[in-house]
Amino acid sequence: RVIDHCKGKITSLRSTLVKLKKSGGFTDRLRWPFRKQECMDLALTLHHCAQTLQFSLTIANCELLSKTSKEVIAKLFDQRQWMDNLTLSLSNVPGYTAEIRATLLNLLFKIDNMATNVQEIKDTVQSLHQNMDAENMEKLLTWLSPLEPHKRHQAVQASRVKDTGNWLLQSEQFRLWIEDKTNQHQSSQVLGCFGEPGAGKTVIALIPALPSSLVIDYISTTFSERQPLLGITFLYCDYRDKKEQTLVHILGSFVKQLALQCTHAGIQLPEVVQSTYKTAQKSQIRLDRGTGIILMKSFVQELGSTFILIDALDELQDTTRTEFLQVIDDIMHLKTNLHIFFTARPHVQEEINRHLSIEMKTLTIVAHEEDIRAYLVHKIQSDNKDAMNDHLSREILEIIPKKAAGMFLLAALHIDMILDELTVTKRRSALSNLPPGLHAAYDRTIERMRESLRRYDLGMKVLMWIYLAERTLKVIELQHALSVEDEAEALDPDNFPSRGTLLHCCCGLVTVDDETLTVRLVHYTLQEYLHSYEERYFPDGHNLIARTCLTYLIFPAFATKQLEDWKQLDLVELFYKVEDMIRELEMEYALFDYAAFQWGHHARKQCDNATCDLAITLLQRETPSLGIQALRCAECSEWCKCCRLGSLHVAAFFGIEGVIGKLLQNSDPNDESGCGGTALAFAAESGHETIVRILLRHTGVYVNVGCGTPICRAVRKSHATIVKLLLEQEDIDVN
């Protein structure tokens, strides 16, 4: 109505002027139709109209906020056109002053600016949406699985020599497996590649995930154009990661890889994936086996073909491998194009056949002589030319492939033994005395380490830490561990051995994964070798590692002086304060995480009196060390963020017999943690039968106290022996 009022005034003015323009004579046209007061009123009216138009445009633009950006820009363009026409119409109107013209031009300028701003807002909103989508995707991927197989792959891929393994792609078994994929029938196929330890199954047969890889590169280039909906998932099974490589984490990893591929291809994720994640977010629940299977099936059914590639299937835990094969067999019955490719040792072939109802094609993996020669040429070309001549080079290329007996790893150890010598004569001598098998090669390599006492001492410490560690270690963690001397009171960065020194001292028995910056034994067979001779090489290994961890945790830097009033702090406030302190200290003290969470596991296996005393010193500090506070935070993150663990609780949690015995002399075994658990409850839940027996023999121990009684916790963790032991107690209350 306001706009109509303005329109009426302007229309009336225009009609008066038109009449004047059409009047007959020259004299009539010179006669001004308005009196002085009318002119002043007219100018004021026009000024009010301009203000009204400006206000009306503001209101209209507020209404535009509810419309799409395209609609807004189009509407603003219409307004601009209307204002242009209005300005042109008023240019001949009496009283059209410079002030009114400036006002209208200012309106035009604002409309132009608004159109520009709307476009900028549109671009910003799109960017925000993209960032939010990326953030949500990152949260989804984290929720699905902690496994990151692509990082492991990049290190394996880097170790592969160009043009090796082509025989695999040309083999009849592989060609038949591939040809089955090219037909139009919905079918699942399995190709199992079996080889003896050290045959090169990982390096030659399975190099997934990158374009330059062998099997995956072939599959991707062959089917990407023909089947745009192609899913490729993979996993490197690792004996060192058995705790992380659970069935749920594996399924989540596969779903995570397929979700990423769909996102990069612009394909919307299956609805069940999005809805499941939203529900999990609201309820704060983790991925479980059933949900993982549902999500995996949804992708397999959505995609044209799905490839699952598994390296070293035999290195999964036995129960995990069985569960995995059962799930794969279940998914394959969906009548979709699910294609399985894996490598393993021969001893699991029968087990695989037993669990898979679909016939498996098999291929034997051996290191072919041409592949070994290609690798040897690469090593020789990278070596010091002063201690090599053409004759020796030809001898190496002739002898080692025959001595290797189809084992790529043995050839690698052989060439390292030769190239480690400094003259042609000594290299030729090493070539003529090559060990015949892997164990003999490991013996010979450790003998080489003994040639330098300092190298041997450091090299064996490196092997001890990697072999006995509870989880895979990062290079920086190992450097910190090796720098700690007995009774040290502070970290000494000048005592860190360099990465190059660590590798040199181990003569090729240790390798560094450049993508994850973790340090590993060169092969699973070395783990088995060290296991066979553990008493010879590391008779006191766990005790030494526990002592190093405890010495580290007792450093003054970890004393919680900032939390001297910790007993009076609100529990949740304490939790977050400790978390912040730990996060800050971990930047400087790289071994803290491992030391805080693993020292007790090593001490449980071996703990002499000196190490027990260190443990008690740590546990009985009046103001607990951050090492113990960190353990509290880990427990709280799974429970209720309000757990206070006493020294006896920690010793029972880890199951350290020597420490429990000493602590019981001055501790009440029935003290409850902040979450209501007693020492007996922690021991029962952790499965430490010996500790449970010690506590039950102690006078006055209650078996029915706490939030979650000992028998409830033992049942929840399926510790049958402990459940039976608790049921034998006269005062046990199963209700």
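**Helix pair, sheets and rings**

User: Why are helices α33 and α34 called roughly antiparallel to each other?

Analyst: In this predicted model, helix α33 (residues 679–686) and helix α34 (residues 689–697) pack at an angle of about 155 degrees. Angles over 145 degrees count as roughly antiparallel, and α33 and α34 are therefore given that description. Their axes are 8 Å apart, and the crossing of the two helices is left-handed.

User: Which residues of α33 and α34 meet each other?

Analyst: On the α33 side they are Ala679, Leu680, Ala683 and Ala684, and these meet Ile691, Val692, Leu695 and Leu696 of α34.

User: What makes Arg713 count as a charge over the ring of Phe682?

Analyst: The distance part of the rule asks for CZ of Arg within 6 Å of the ring centre, and Arg713 lies over the face of Phe682 at 5.6 Å from that centre. Phe682 belongs to the stretch 679–686 that forms α33.

User: Why are β2 and β5 called edge strands?

Analyst: The open sheet of five strands has the order β2-β3-β4-β1-β5, with parallel pairing. Within this order β2 (230–236) and β5 (360–364) each pair on one side only, and they are therefore the edge strands. Neighbouring strands of this sheet are turned by 15 degrees against each other on average, with direction ignored.

User: How do you know that β2 and β3 pair?

Analyst: Pairing needs at least two bridges between the strands, whereas seven bridges join β2 to β3 (residues 305–311), so the requirement is met. The two strands run parallel, and Leu230 stands opposite Ser305 in β3. Helix α14 (residues 318–332) lies across β1 (189–194), β3 and β4 (338–344), and runs at about 155 degrees to β4.

User: What makes β7 and β8 a pair, and in which sense do they run?

Analyst: Four bridges link β7 to β8 (residues 518–521), set against a minimum of two, so they count as paired, and the sense is antiparallel. Val510 stands opposite Leu521 in β8. These strands belong to an open sheet of three, in the order β6-β8-β7, whose edge strands are β6 (473–474) and β7 (510–513). Helix α21 (residues 453–468) lies across β6, β7 and β8, running at about 95 degrees to β8.

User: What makes Tyr442, Tyr467, Tyr529, Tyr533, Tyr537 and Phe538 a cluster?

Analyst: Rings pair if their centres lie within 6.5 Å, and ring pairs link these six residues to one another. By this rule the count for the model comes to 21 aromatic pairs.

Conventions: Residues are numbered from 1 along each chain as its sequence is written. This is a predicted model: local features need pLDDT of at least 70, side-chain atom pairs count only at pLDDT 80 or more; totals for chains, interfaces and linings use all residues. Side-chain values use heavy atoms; hydrogens and water are left out. Axes are lines fitted to C-alpha atoms, for helices over the stretch in contact, and angles run from 0 to 180 degrees between N-to-C directions. Contact means heavy atoms within 4.5 Å. Rings of Phe, Tyr and Trp (its six-membered ring) pair if their centres lie within 6.5 Å; planes under 30 degrees apart count as stacked, over 60 as edge-to-face and the rest as tilted. A charge sits over a ring if NZ of Lys or CZ of Arg is within 6 Å of the ring centre and within 35 degrees of the ring normal. Angles under 35 degrees count as roughly parallel, over 145 as roughly antiparallel, 65 to 115 as roughly perpendicular and the rest as oblique. A crossing is left-handed if the near helix is turned anticlockwise from the far one by less than a right angle, and right-handed if clockwise.
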